[in-house]
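Student: I should like a close look at a single part of this protein, the cysteines and how they are bonded. Please also cover the aromatic rings and the helix that some of them share.

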Amino acid sequence: MDEAKRMEEGLNTPHNDYHKGELKQEIEKINGEGDSIEHDRDTRTTQEGESVQQIVEQEQPLVKQKTRRVATLDAFRGLTIVLMVLVDDAGGAYPRIDHSPWNGCTLADFVMPFFLFIVGVAIALALKRIPKVKYAVKKIILRTLKLLFWGILLQGGYSHAPDDLSYGVDMRFIRWCGILQRIALVYCVVALIETYTTKLRPSTLKPGHLSIFTAYRWQWLGGFVAFVIYMVTIFSLYVPDWSFVDYNSDKPKRYTVECGMRGHLGPACNAVGYVDRQVWGVNHLYSQPVWTRLKACTLSSPAEGPLRKNAPAWCRAPFEPEGFLSSVLAILSGTIGIHYGHVLIHFKGHFERLKQWLSMGFVLLTLGLILHFTDAIPINKQLYSFSYVCFTAGAAGIVFSVFYLLIDVWGLRTPFLFLEWIGMNAMLVFVMAAQGIFAAFVNGWYYKDPDNSLVYWIQNHVFTNVWHSERLGTLLYVIFAEITFWGVVAGILHKLGIYWKL
C-alpha cells in the first residue's frame, strides 16, 4: 500500500532532517512516491521527489540546491495507515466506523480511496522527470508485480494471521483480488500514462484557469475512459440468474439468486459482482462480504450477527469488494491524485496551490453528495460508484490541503511526526499491523494453549479487564498496543535509516 509520499509536496518549512543526502532513502511507502518539490520563493527549490517506487530514483542527478522532503505526503500516508488499522481491528467493536454494509460511507470507506489518491500524488512527483522511459517502464512493471505478489500472499487466503497459526490455501478458493492488487492496477495504469506522455508535458503552464487540465489531457483521458467503461457496463450489462455453494455452513448447500435485469445497484444483481463471477469464478471471491450486516440479512445490523432464518440467498454469497470492474473506476481516484501532484509541481505559491486543491475538493465533495441524496448514483464502496469516487476524492483533497497548510505552510510539523514516521514505513506497518503478521508471530509463542499468548494476555489483563469493557478495551488496545507501538517502531527505524521499499 504504498501510500504516496507526503501529501502533495507542498513544503514550506525546512526539513534538514530529511534532506542532506537522505533524500534517496525517503521510502516508497506502499504506494507512495516521494518527496520533494521545487518551491518558488527564495531558496525553496527542492529536488523532485524520489518515488516510493524509486522509478527514476537512481536516474536523476541530485540538484545542488538544498532539498527538503514534503512532510505532508508522509503524514497523509501515515494517516491512511492509522485509519486502516483502527477500522480493521476496532470496527468489530464499533460497527459505525466499519465499512458500510452497502450504500453510505463510514470512516473505513475512506481508506482505499485515500491510498489511491496519495499514490497518484506520489506518481506525479516521482515521474516529474524521466531520463529513460524504458527504464522507468521496467521499474513500474516490476513494482506492480511486487504489489500483486504481496497482495495475493497476504489476502489470498495463504495467511491466516493473526488468530489462526496455520497457513496455506486451497487453490480452489484462493482469492485473487485485494487491497494491494487494486493499488497495483491503479498505480500501473496511471504511472504508465504519465511515463509515456512525458514528452507531451509543458514545462510551464499557459495562462488560463483550465491550463493545468489541458496540459495533462492524456491523464484525464485515461480517467475518462475508465469512467465510461464502468458506467456503460454497470448500467447496460445484463445480469442473469446465478448460483453458488455455501461452504460456510455445516453442510455445503447450493443456492440460486434470481436476477434477469440490467442496471441494478443492489447487492444481488449488480454488474460488478457479475463481472467478477465471470472473470475470477464465484469461489475465488471474498467469502465474508460486509453486506451480511444489512438488516435484510441479520437482526444485529449494523453489527455482525447470525443470519435471519428467512434471509435472502445472496446474504450467504461471496462478493469481491476489490473486484475487476470496481477497480477500473478506481483508476479515476488515482487520476485525481496525480492532478494534485501536478498542481504542486506547477504552482509555486502556497495560496495558488491551496486554491486549486480546495476548489476541486469541494466541487467533488458536493457532486458526490448531490448524486447520492438525489438517488441518482448512491455512494457505495462495494461497487466503487462514481459518487463514491467524487465524495472520497474530494474529502482526500480537503484533508490533504489542511495537512499542507498546517505542516508545510505554518510549520506545525512536530504534532504530525508520528504520522510521518508511519507514512515513511507504510509497507512495514501495513504488513505487520494491518495484516496482523507481527501479532501472529507473537501468538505462535504460547503456553499450553494457543489462547494463552502475550497478545491475548495484554488484551485481557491490560485493557479489557482494567476498563471492564470489551468494546473500550478493544479500542484502547488498538490505539496503544498497535498504532502507538508501530508509530514508535517506525520512528526508531527512521532514525536508523531503515525502510521497507518495494
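Tutor: The account below takes the cysteines, then the aromatic rings, then one helix.

The model is predicted, so local features are given only where pLDDT is at least 70 and side-chain atom pairs only at pLDDT 80 or more, whereas totals for chains, interfaces and linings use all residues. Residues are numbered from 1 along each chain as its sequence is written, and side-chain values rest on heavy atoms, with hydrogens and water left out.

A disulfide is here a pair of cysteine sulfur atoms within 2.5 Å, and by that rule the count is two. Numbered in sequence order, the bonded cysteines of the protein chain pair as 1-2, 3-4.

One disulfide joins Cys259 to Cys269, with the sulfur atoms 2.1 Å apart. The torsion about this S-S bond is about -85 degrees, so the disulfide is left-handed. Cys259 belongs to the loop between strand 4 (253-257) and strand 5 (261-262), and Cys269, ten residues away, to the loop between strand 5 and helix 7 (271-279). Helices (H or I, at least four residues) and strands (E, at least two) are DSSP runs numbered from the N terminus. Cys259 has a relative accessible area of 13% and is therefore buried; the term buried means under 20%, exposed means over 50%, and partly exposed lies in between (1.4 Å probe, protein chains only). Cys269 is buried as well, at 4%.

The other disulfide links Cys297 and Cys315, whose sulfur atoms are 2.0 Å apart. Its S-S torsion is about -80 degrees, so this disulfide is left-handed. Both Cys297 and Cys315 lie in the loop between helix 7 and helix 8, so the bond ties together parts that are 18 residues apart in sequence. Cys297 and Cys315 are both buried.

Two further cysteines may be placed by burial: Cys177 has a relative accessible area of 5% and counts as buried, and Cys390 is buried at 2%.

Turning to the rings, a search of the whole structure finds 30 aromatic pairs. Rings of Phe, Tyr and Trp (its six-membered ring) pair if their centres lie within 6.5 Å; planes under 30 degrees apart count as stacked, over 60 as edge-to-face and the rest as tilted. Among these pairs, Phe117 and Tyr340 are edge-to-face, with 5.0 Å between centres and 70 degrees between planes. Phe117 lies in helix 2 (residues 111-126) and Tyr340 in helix 8, so the contact ties together parts that are 223 residues apart in sequence. Phe117 is buried at 1% relative accessibility, and Tyr340 is buried at 0%. Phe117 and Tyr340 also belong to one aromatic cluster, whose other members include Phe76, Phe114, Trp357 and Tyr404.

Two arginines sit over rings, meaning that CZ of Arg (or NZ of Lys) is within 6 Å of the ring centre and within 35 degrees of the ring normal. Arg277 lies over the face of Trp242, 3.7 Å from the ring centre, and the charged end of Arg143 sits over the ring of Tyr187, 5.2 Å from its centre.

Helix 8, the helix of Tyr340, covers residues 324-346. Its expected span, 1.5 Å times one less than its number of residues, is 33 Å for 23 residues, and its end C-alpha atoms are 34 Å apart, which agrees. Helix 8 is mostly covered, with 22 of its 23 residues buried.
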